[in-house]
Amino acid sequence: MDRINILWADDEIELLKPHILFLKEKGYEVQTANSGDDALDLVREQDFDIVFLDENMPGISGLETLIQIKQIKQSIPVVMITKSEEEHIMEDAIGSQISDYLIKPVNPNQILLSLKKNLENKRLIREKTSSAYQQEFRNIGMSLSDRLSFEEWKEVYQKLVYWELELTKSREEGMEEILRMQKTEANNLFSKYVMNNYRDWLHGSAEETPLFSHTIFKEKVVPEADKYPSTFLILIDNMRYDQWKVMQPIIAEYFKTETEDLFCSILPTATQYARNSFFAGLLPSEIEKRYPKHWLNDEDEGGKNMHEEFFMTEQLKRLGKDYKTSYTKVTNHQAGKKLVENIPNLMSNKFNAIVYNFVDMLSHARTEMEVIRELADDEKAYRSITVSWLQHSPLIDIIRQISEKKARLILTTDHGTIRVTEPSKIIGDRNTNTNLRYKQGKNLNYEKKDVFEVKNPGDIFLPRQHVSTTFVFAKEEMFFAYPNNYNYFVNYYRNTFQHGGISLEEMLIPFITLSPR
């Protein structure tokens, strides 16, 4: 570690020689100044890691010196030392952005503690986080070698996300790389787990069946709405569990988290399948059969999610619920602002559903817009831009208003998304859909090791467009690329966030119930 350079300004600096010797013995560099003016000259000339500043010096005062130091180098931490405990001095110093405050006489250990708190705190946290993850790395690794149940897979994924966020905060890049490798291993095993069980889950012949897109509304949303005079469901399109975790502290200003759970998106993990199933309470082939006029397949022209309100109303009827309801879809900033104004009018409804294309707009923008591609270059940046967007979007105003009106809130999504890194070659005819994580078509040619292959779509309750239609789902961090113009395509889409396939990030998605503060 580089030696830490300290500036100590005090008009009685000679009396502090024992303290300065103590710090030098501990490995710190210490320079001294007898006045505020001398201290300012040194700050202009040299780089200091921290300044200890006597409040009561002849000439310019400690407070005046502090203000000027901050004008020269805003980020430098300054510790104010004073004989006085007068409240107005403390308030002035704190208002001028001091990092710490010590009352004379100070002893060497107080100084050492202040140094550790202000300069070494991040390093100590980083080392502790790194050590704790090393222990957890072994535990997660042992778990992955077991035959995990769905509930255990949820726990593994929640742990991986927890450590990803902790290591991001501590900026321990070596451990972050190890975590990425562990996530890759987990996704490899999770893909095998899904491929082995998915058909049985949907047919009800498995030992355990997760809550899915088509069952969560009946099993979780309706019981919640039954209990309260007014409940809002906000479905944020394309929101991952880690994105929820970084949004949670912002939302916590208005709502307490009562329950936090994960459920399973159906395949394809794409809006037209997963979200229609969510509101209809049916799997895609069941929707097509029951409501043929309201279902469009990949090849069909037109919007694929135009009838969610109809599906929701029909599902509520089947469940015997005669709620007074509303359904609102927000696809742009202006629509969000309009909804903010309308929240008071919705309070008389028993149940209000809001679909907010907040994260989905971001992920598509990230692919299409060069600026956002650069801003959201990796997982960490993607989460950061999500938080920034939330803080400045009408969505947070909507959430605040719902809290003020003392309504209940359910926050969820239709599917997640994964950062894709590995291309997988595929060949299809001109009718093959464009999604990078799943393909359906008549004459597909693909790398079998990279996909979950479903020759008969009816086996997993997907509509069959043609007699020979096959579905293939990309696993882990794969994305499909055609041989034509292959290098350009791969370079353009590598490291973008996509959905439609099999991964922890796409399939294990949050379902949160919240009560107003």
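These legends go with three close-up views of a predicted model. Local features need pLDDT of at least 70 and side-chain atom pairs count only at pLDDT 80 or more, while totals for chains, interfaces and linings use all residues. Residues are numbered from 1 along each chain as its sequence is written, and side-chain values use heavy atoms, with hydrogens and water left out.

**View 1. The open sheet and helix α2.** Here 5 parallel strands line up as β2-β1-β3-β4-β5 (strands are DSSP E runs of at least two residues, helices H or I runs of at least four, numbered from the N terminus; strands pair if DSSP finds at least two bridges between them). At the edges sit β2 (29-33) and β5 (100-103), each pairing on one side only. Strand to strand, the twist averages 20°. β1 (residues 5-9) and β2 share 5 bridges, and Leu7 has Gln31 of β2 as its bridge partner. Helix α2 (residues 36-45) packs on the sheet and touches β1 and β2 (contact means heavy atoms within 4.5 Å).

**View 2. Where α6 meets α16.** Helices α6 (150-170) and α16 (379-391) pack at about 90°, axes 11 Å apart (axes are lines fitted to C-alpha atoms over the stretch in contact; angles run from 0 to 180 degrees between N-to-C directions). That makes the two roughly perpendicular (65 to 115 degrees). Glu164, Leu165 and Thr168 of α6 meet Glu379, Lys380 and Arg383 of α16.

**View 3. The buried side of α12.** In α12 (308-318), the buried residues are Glu308, Phe311, Met312, Glu314, Gln315 and Leu316 (buried means under 20% relative accessible area, 1.4 Å probe, protein chains only). Their cover includes α8, α10, α11, β8 and β9. Gly320 follows α12, with a positive phi near 75°.

Conventions: Buried means under 20% relative accessible area, exposed over 50%, partly exposed in between (1.4 Å probe, protein chains only). Angles under 35 degrees count as roughly parallel, over 145 as roughly antiparallel, 65 to 115 as roughly perpendicular and the rest as oblique.
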